[in-house]
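Visitor: I would like to know how labels such as "buried" or "salt bridge" are decided. Please show me the structure and take me through the terms.

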Amino acid sequence: MQNRPLAALTSKSGLGALFLFACAAVTYLEVAKLHLGTPSAMGPGYFPAILGGFFIVFGLILLVEGWRKPQERVEVGQIAPVLYLLGAIVLFGLLYPIAGGVVAIAVLIVVAAIAEPGRTWRELAALTGVVLVAVWVVFVIALDLQLDALPRWLR
Amino acid sequence: MIDNLILGFQVALSWQTLMYCFLGVSIGMFIGVLPGVGPLAAISMLLPITYYISPTDALIMLAGIYYGAQYGGSVASILMRLPGTASSAVVCMDGYEMTKNGRAGAALFLSALSSFIGGSIGIFLMAGFAPVLSDFALRFGSQEYFLLMALGLVAASTLSEGSAVRGLAMVVFGVLLGIVGLDITSGSMRFVYGQFELMDGVSLVASAMGLFGLSEILSNIGRGSRPDPSGKVTMRSMIPTRKELRDSFPAIWRGSAIGSFFGTLPGTGSTIASFFSYATEKKVARNRARIGQGIVEGVAGPEAANNSAAQTAFIPTLTLGVPGDAVMALLLGAMIVHGVNPGPQMLVEAPEMFWGLVASFWLGNLILLVFNIPMIGVWVSMLRIPYKLLYPAILVLVVIGTYSIRYSIFDIYQLLAFGLLGYVLRLLAFPAAPLVLGLVLGPLMEQNFRRSLMLSDGDFSTFVTRPISAVLFTCIVMVLVAQIIAPLLQRYRARKERPS
C-alpha cells in the first residue's frame, strides 16, 4: 500500500484505536471539570481519570495492531436497513407524544418492515394489526401499563 | 441443607411462582429454538416487565429464560443444523447427522435427558457449594471485592472469544458508563451534560436492549429466509435403543463434570463448556471413530455440559455478586433494581429467595424435560415463522419495553444511542458483552476502590498485602500474562514451522 500510516489508521484496528482515543478525550474533558482529590479521599474525578488512562493504553496497542495488519478493513455492509430501523425508532419517539400510541407503533412497524425488501402492503397491514392487538393485550390489559392509544389533545 | 431445600421448595411450589417459572422456561425454550434471538436479547426485553412482579418471581422467570434457552437451542441444531444459541452449535455436528440417519427423535430425547441430568448436577453443586463459598466471602473486605470484580471482568473479557485488548477496552467503557450520573459520595454530576434523565445513571434496560436486542435485529436483517425443518418427529421415534442409552451415560457424566467446572469460572460459560465436552468425546467416547457421523455421545456430552454450566454460572453471581458473563450481569442488574443485594449476605438476609431460586431451577429443569418432548412439534412449527414478520414485532417489544420502565421518551433515545453504539462496535470488532458486565459492576467497583484506599489511608499496597487479595491480585496478573504470552507463543511456533 502507498501510504502506510494512513492505511494503518483506517484499518479495523486503527479505527478502533481512534474510537478509544475519542473515548479518552471525552473522559478527560469531563474529568477536567471534576475535583480529583487524593487516594485517601478521592474526588469524583479520580476513578474516571484512571479509566481514561486505560483507553489510551488500549488505543495504543490497537494502533500497533493496525500498523501490523493494515489490510484488515472495516466491512460496512448494508447501511439502508440500519437507517430504516434506527429511523423507525426516532419516528416513534417524535410521534408518540403528538400522535398517540396507535399511530406511533404503526409507523414504527411499517418503517422497520420496509428495511427488508419484498413484501406486500397487505402483508404489512396484517402485521401491523396483529402486533397492535398483541401489544394492547400484553402491555395494557395483562401488565396494566399506561400506554396512550390517542394523543392527549384528542381526548 | 435439607431444611433450606424444604424452604426453597415451599417458595418455588407456590402457585404463582411456579407459573412464572413455567413462563420463563417456556419463553426460554421458544427463543432458544429460534435462531437469531438469544437469551441475552430475550432477558433484556423482558427485564422491564419484571419490574411489576416480586423480586423472587422476577429472578425465577429471567433465570428460566436462560437455562430454558439451553434446552431449546439444541432443537434447531438437531433438526435444521442451525444453532438456536451459541452453546448448542457443536450439537449440530452429530445431532444433524442423527437426523439424516433417521434418528432425529432419539437425538431430541437424549438431548433433553442429558440436559436434565447435566442441569440437575449443576443445581446440586450449587446447593452444596454456594453456602460454603458465601461463608468464605463474608470475610471479604472492600479490597477483596474490588479485586474479585476486577478478576471477573478481566477473565470474562479476555477468556471469551475475540481479542483480549478489545474485550478489556469494552470493560473500561462499560465501567465508565456505569458511573454516569450523580456521584453519591461527593454529590457532583458526572457525564450528565445537562440531561436531567441521566442523573440516575445510564439505563440498564435501554443499554442491554440497544446493544443486544436491537443489534441482533440489525445483524440478522437481510440474511434471507431459513430452510424448512426437515422430517416429522413422532413420539415413537423418540425412544432410544438400549445401546444408544448405554453409550450416552458416560458422555453425560463427563459433560456434566466439564460443564460444572467451566460454568463457575468467569468468562467461560456454557459455550466453551459444550465445545470442550465435544473435544473430550472426540478422544474418549466409545464410538469416537465415528464422531461427526451421528453418534449419541456427540449430542449427550455437550448438552449435559452446557446445561450444567448454565446452572453453576449462578454460583459466583449469587454468592459473590460477581457475574461471569453478560447474562449473569443482567440478572445481577435486575436484582439490584429490585433492591436485592447480591453477595454473601444474600444467603443470610434473603434465604427464601436463594433457596427458592435453587428449588425453582430444578423444577424448571423438570418442566423442560417433561413438556419439552410433547411440545417438539409446536417448536418445529414455530421455526416456520419467517424472520421478516418476526423482527418488526421484536422491535415493537424492545421499544415499548424500554419506554414503559419510567414512561420516558428520553429512554427511547438512549435505546437508539445504544443500538447505534452496538452497530459501530460490531463494525470495529469490539465485543458488546463485556461492556454490560462493566456497566453493572462499575459503580460497585468504584465504591470498593474508594473505600479500600480510604481505609488504607491512600496506600495502594493494601491490594497485595492482605492474604486473600494477594491471591486474587496474582490471579489477575496471571490471566493478563497468559493473554500476552499466548499470542507470542503462537507467533514463535509459526516462525519455527515456516523455515522447515
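Guide: Buried means under 20% relative accessible area, exposed means over 50%, and partly exposed lies in between, with a 1.4 Å probe and protein chains only. This is a predicted model, where local features need pLDDT of at least 70, side-chain atom pairs count only at pLDDT 80 or more, and totals for chains, interfaces and linings use all residues. Residues are numbered from 1 along each chain as its sequence is written, chains are lettered from A and ligands numbered from 1 in the order in which they are written, and side-chain values use heavy atoms, leaving out hydrogens and water.

Visitor: Why is B:Asp200 called exposed?

Guide: The relative accessibility of B:Asp200 is 67%; the cut-off is over 50%, so B:Asp200 counts as exposed.

Visitor: What makes B:Asp200 and B:Arg406 a salt bridge?

Guide: A salt bridge needs a side-chain nitrogen of Lys or Arg within 4 Å of a carboxyl oxygen of Asp or Glu. The closest N and O atoms of B:Asp200 and B:Arg406 are 3.6 Å apart, so the pair meets the rule.

Visitor: Why is B:Arg406 called partly exposed?

Guide: Its relative accessible area is 31%, which lies between the two cut-offs, so B:Arg406 is partly exposed.

Visitor: How do you know that B:Asp247 forms a salt bridge with B:Arg286?

Guide: Their closest N and O atoms are 2.9 Å apart, therefore within the limit. B:Asp247 has a relative accessible area of 4% and is buried, whereas B:Arg286, at 56%, is exposed.

Visitor: How many salt bridges are there over all chains?

Guide: The count by this rule is 14.
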